[in-house]
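Ready for a few short exercises? Have the sequence and the model side by side, and try each task before you read its solution.

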Amino acid sequence: MKRLYIIFLFAILMAAAIFVWGYSYKESLREAYVPVEHINEHISIPSEEGVFLRSEYALEYEQMPIDIAHERNLNKYYKNRAFYGGPPTIPHEVSERSMGNKDCLKCHEHGGYVQKFNAYSPVTPHPEKINCRQCHVPQKTEQLFVASTWDKGVHPKIGNQALENSPPIIPHPIQLRENCMACHAGPSAPKEIRTTHPQRINCRQCHVINDKEQKDIGVFTRKSN
Ligand code: HEC
Ligand code: HEC
Ligand code: HEC
Ligand code: HEC
């Protein structure tokens, strides 16, 4: 009886050893598994990360037809801002109880045509700033009720190209404007600055920043001549 017991125990130990060895051998054959999303988290240069924020929609933007009847232009864009770079006022009615978040993002995160306002909603360049009405205030009136000497300041000009067909320089600072496609692509982009090539997602590969005015240096001649 005792001998049987020892043989039985031995068999169990053998089976366990075979199982453990087999399992670890099978595991060693599997390829090293590194979750893809963790690689992507660190792949872009932090200061340029925003450039790619809407890049997954690039091909959709490219295929969007242009709706000439509801285009925005730069005049309208500037008119709604108290100064260059200032937060635009809200030109439509808003629910008084809401600070923002989903109540605004449902239209402003991805844009799209809104029948009751007869316009495309501009895409917000900063969907992560959810307290919208901290900065954006509703318009109370369209009429000027008191004349003032308020100066809106100047905005940079577009069309600053070294050669006729070279990429224009980015005339504005890009702090809080890292997400290029929010303003430069899709039906709500002002028509003068809507890019013909939203599919080239790495915008800053070709467009360089310059917020200085370009000065003409005249005809260059070497002193010794
Ligand atoms: C039903 C969809 C909808 C909702 C909800 C909505 N908006 Fe709008 N919003 C629009 C549309 C469409 C326009 C463009 C109006 C136009 O061009 O006449 C617009 C324009 C704006 C503008 C002006 C942008 C510019 O460049 O001039 C701001 C700012 C704005 N909305 C902020 C908000 C905020 C803040 C909320 C939430 C309290 C909000 N919106 C909720 C559709 C919406
Ligand atoms: C910290 C202040 C601040 C907060 C919070 C904020 N914005 Fe803005 N927003 C701005 C400024 C400043 C601009 C102008 C950007 C520029 O011209 O560079 C702007 C621009 C916009 C534009 C115009 C884009 C265009 O193409 O004309 C829209 C739309 C907009 N914001 C929507 C929103 C929505 C929706 C929210 C909430 C989810 C929000 N904003 C939260 C400051 C803010
Ligand atoms: C808040 C909206 C907004 C965002 C975001 C934005 N831009 Fe602009 N961009 C404009 C406006 C408005 C103009 C016209 C000049 C001005 O007012 O600064 C312009 C002008 C330009 C021009 C000059 C176009 C021409 O025909 O000369 C280039 C190039 C440009 N932007 C590139 C970019 C790139 C690249 C990014 C992303 C890093 C970007 N923009 C982000 C609003 C924006
Ligand atoms: C491979 C280089 C390259 C990349 C990447 C690129 N652009 Fe351009 N872009 C150009 C050139 C070249 C022009 C001038 C086209 C012309 O004048 O015919 C231009 C012109 C523009 C203009 C002026 C209007 C127009 O379309 O002619 C805007 C606005 C603009 N680009 C924005 C962008 C934005 C936003 C991105 C990123 C989504 C981007 N570009 C990516 C090369 C590039």
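**Exercise 1. Find the helix that contributes the largest share of the shell around ligand 2.**

Solution. Keep in mind that this is a predicted model. Step one: go through the shell by secondary structure element; helix α5, residues 102–108, provides the largest share, with 3 residues. Step two: sort the shell by residue class, which gives 11 nonpolar, 8 polar and 4 charged residues. Step three: look for the residues that come nearest to ligand 2 among the 23 around it; these are His126, Cys132, Cys135, His136 and Arg177.

**Exercise 2. Work out which polar side-chain atoms approach nitrogen atoms of ligand 2.**

Solution. Start with His126, which places a polar side-chain atom 2.7 Å from a nitrogen atom of ligand 2. Then turn to His136, where the corresponding distance to a nitrogen atom of the ligand is 2.8 Å. To finish, add a contact with an oxygen atom of ligand 2: an N or O atom in the side chain of Tyr77 is 3.5 Å from it.

**Exercise 3. Identify the protein donors of the iron atom of ligand 1 and describe the geometry of the site.**

Solution. First, list the protein donors: NE2 of His92 and NE2 of His108, lying 2.0 Å from the iron atom. Next, place them in the chain: His92 sits in the loop between α4 (74–79) and α5, while His108 belongs to helix α5, so the pair, 16 residues apart, links distant parts of the chain. Now check the angles; the 6 donor atoms span 86 to 178°, and the site is octahedral. Last, consider accessibility: His92 is partly exposed because its relative accessible area is 24%, and His108 is partly exposed too, at 22%.

**Exercise 4. Repeat the analysis for the iron atom of ligand 3, and decide whether each of its protein donors is buried or partly exposed.**

Solution. Begin with the donors, which are His172 and His184; each binds through NE2, and they lie 2.0 Å from the iron atom. Then trace the chain: His172 is in the loop between β2 (119–121) and α6 (181–184), and His184 is in helix α6, so this pair also links distant parts of the chain, 12 residues apart. The geometry comes next: angles of 87 to 179° among 6 donor atoms make the site octahedral. Finally, classify the two residues. His172 counts as buried because its relative accessibility is 13%, under the 20% cut-off. His184, at 24%, counts as partly exposed.

Note on methods: Residues are numbered from 1 along each chain as its sequence is written. Chains are lettered from A and ligands numbered from 1 in the order in which they are written. This is a predicted model: local features need pLDDT of at least 70, side-chain atom pairs count only at pLDDT 80 or more; totals for chains, interfaces and linings use all residues. Side-chain values use heavy atoms; hydrogens and water are left out. Donors are N, O and S atoms within 2.8 Å of the metal (3.2 Å for Na, K and Ca); water is not among the atoms, so sites may look incomplete. Four donors count as tetrahedral if all angles lie between 85 and 135 degrees; four count as square planar and six as octahedral if opposite donors are over 155 degrees apart and all others between 65 and 115; anything else is irregular. Helices (H or I, at least four residues) and strands (E, at least two) are DSSP runs, numbered from the N terminus. Buried means under 20% relative accessible area, exposed over 50%, partly exposed in between (1.4 Å probe, protein chains only). A residue is near a molecule or strand if one of its heavy atoms lies within 4 Å of it. A polar contact is a pair of N or O atoms within 3.5 Å; within protein, one must be able to donate a hydrogen and the other to accept it, and residues adjacent in sequence count only if both atoms are side-chain atoms. Ala, Val, Leu, Ile, Met, Phe, Trp, Tyr, Cys and Pro count as nonpolar, Asp, Glu, Lys and Arg as charged, and the others, Gly among them, as polar.
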